[in-house]
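Got the viewer open and a hand on the mouse? Here is a short walk through the structure, one selection at a time.

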Amino acid sequence: MTVPHPPRRAWVGTGHAHIEVDYARGRVLLHPPDTPVPPDAVLHTREVSAPSWGTSELDAVLTPAPPAPWRWKAAALPATAATAVVLLCGRRHTRLARLARLAAIGHRLPAADTGQATHAVRAARWAGRLLPARWACLEESVSAALALAVAGRGAHWHHGVATDPVRLHAWIASPDGLPVEEPPSTGAYTITHTVRPPRRTP
């Protein structure tokens, strides 16, 4: 089964700069505002009225996640293991593209509802804490998407970039597009790639 590929590269224009997310090479570049956008790039606009130059405050403390049902934890364990294998096997610069494709593996399944997505995210976070390695939002969200696929549901998976300061994030959303188990600051991210199941939950 083929899965949707991320764009080769996405550009986010802020009015002060262009931020390039190069999915093909796994890198993020900052360009001057007058840099021409390549014809093969997907352009998004996120105007920043006045840059904070990194002085804006962000939450840095992880709050304890509520527990997930054991059946979701059982789905998250193999999903986390599979994510780790895909992460580690292959060239380093293609990790982002590989994980983005893996997150889309359930794109033809009926879309998960908010409750199912919540359980999957909580279970993926629980499973990720069992690993003796760095396990950030990208790996965690991909594991949650895989756990949903194990349960026969498709995930609304998003990847995006915030512009001030520049940072990347990946998360699972509810069917109406709201971030699941994420802080309000997630609204600062411009979505540069998304996976959306084509069918609603029956």
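Start by selecting strand 5, residues 156–163, together with strand 7: the two run antiparallel and are joined over 6 bridges. Keep in mind as you click around that this is a predicted model. For one rung of that ladder, pick Val-161 and look across to strand 7, where its bridge partner is Thr-190.

Now add strand 6 to see the whole sheet. Three strands make it up, in the order 6-5-7, with antiparallel pairing, and the sheet is open. Its edges are strand 6 (166–173) and strand 7 (189–195), each of which pairs on one side only. Tilt the view and you can look for the turn between neighbours, which averages 25° when direction is ignored. Next, bring up helix 4, residues 137–150, which packs on this sheet. Helix 4 touches strand 5 and strand 6, and its direction makes about 15° with that of strand 6.

Stay with strand 7 for a moment. Is it enclosed or open to the outside? Of its 7 residues, 5 are buried, so the strand is largely enclosed by the rest of the structure.

**Into the core**

Select Leu-138, Val-142, Trp-157 and Ile-172. These are the residues with the most contacts inside the largest nonpolar core, which has 40 residues. Contributors of at least two residues each include strand 1 (9–13), strand 2 (18–22) and helix 2 (95–103), along with helix 1, helix 3, helix 4, strand 5 and strand 6. Which element gives the largest share? That is helix 4, with 7 residues. As background, nonpolar side chains in soluble globular proteins tend to be buried together.

Centre on Trp-157 and show what surrounds it. Beyond its neighbours within four places in sequence, Trp-157 contacts, among others, Ala-100, Ala-103, Leu-138, Ser-141 and Val-142. Turn the view and you will also find Trp-171, Ile-172, His-193 and Val-195 among its contacts.

**Aromatic pairs**

The model has 2 aromatic pairs to visit. For one of them, select Trp-70 and Trp-126: the ring centres are 5.8 Å apart and the planes stand at 80°, so this pair is edge-to-face. Trp-70 belongs to helix 1 (residues 70–88) and Trp-126 to helix 3 (residues 114–128), so the pair ties together parts 56 residues apart in sequence. Switch on a surface here: Trp-70 is exposed, at 63% relative accessible area, while Trp-126 is partly exposed, at 24%.

Then move to Trp-171 and Tyr-189. Their ring centres lie 6.0 Å apart with planes at 50°, so this pair counts as tilted. Trp-171 sits in strand 6 and Tyr-189 in strand 7, so the link spans 18 residues of sequence. Are these two buried or exposed? Trp-171 is buried, with a relative accessible area of 3%, and Tyr-189 is buried too, at 14%.

Go back to Trp-70 and add Lys-73. The charged end of Lys-73 sits over the Trp-70 ring, 4.2 Å from the ring centre.

**Last stop**

Finish in helix 3 by selecting Thr-118. Its relative accessibility is 14%, below the 20% cut-off, so Thr-118 counts as buried. Setting aside neighbours within four places in sequence, its contacts are Val-180 and Glu-181.

Conventions
Residues numbered from 1 in each chain as written. Predicted model: local features only at pLDDT ≥ 70, side-chain atom pairs only at ≥ 80, totals over all residues. Heavy atoms only, no water. Pairing = 2+ DSSP bridges. Helix = DSSP H or I, 4+ residues; strand = E, 2+ residues; numbered from the N terminus. Axes fitted to C-alpha atoms, helices over the stretch in contact; angles between N-to-C directions. Contact = heavy atoms within 4.5 Å. Phe/Tyr/Trp six-rings, centres within 6.5 Å; stacked < 30°, edge-to-face > 60°. Buried < 20%, exposed > 50% of the residue type's maximum accessible area, 1.4 Å probe, protein only. Lys NZ or Arg CZ within 6 Å of the ring centre and 35° of its normal. Core = buried A, V, L, I, M, F, W, Y, C linked by side-chain atoms within 4.5 Å.
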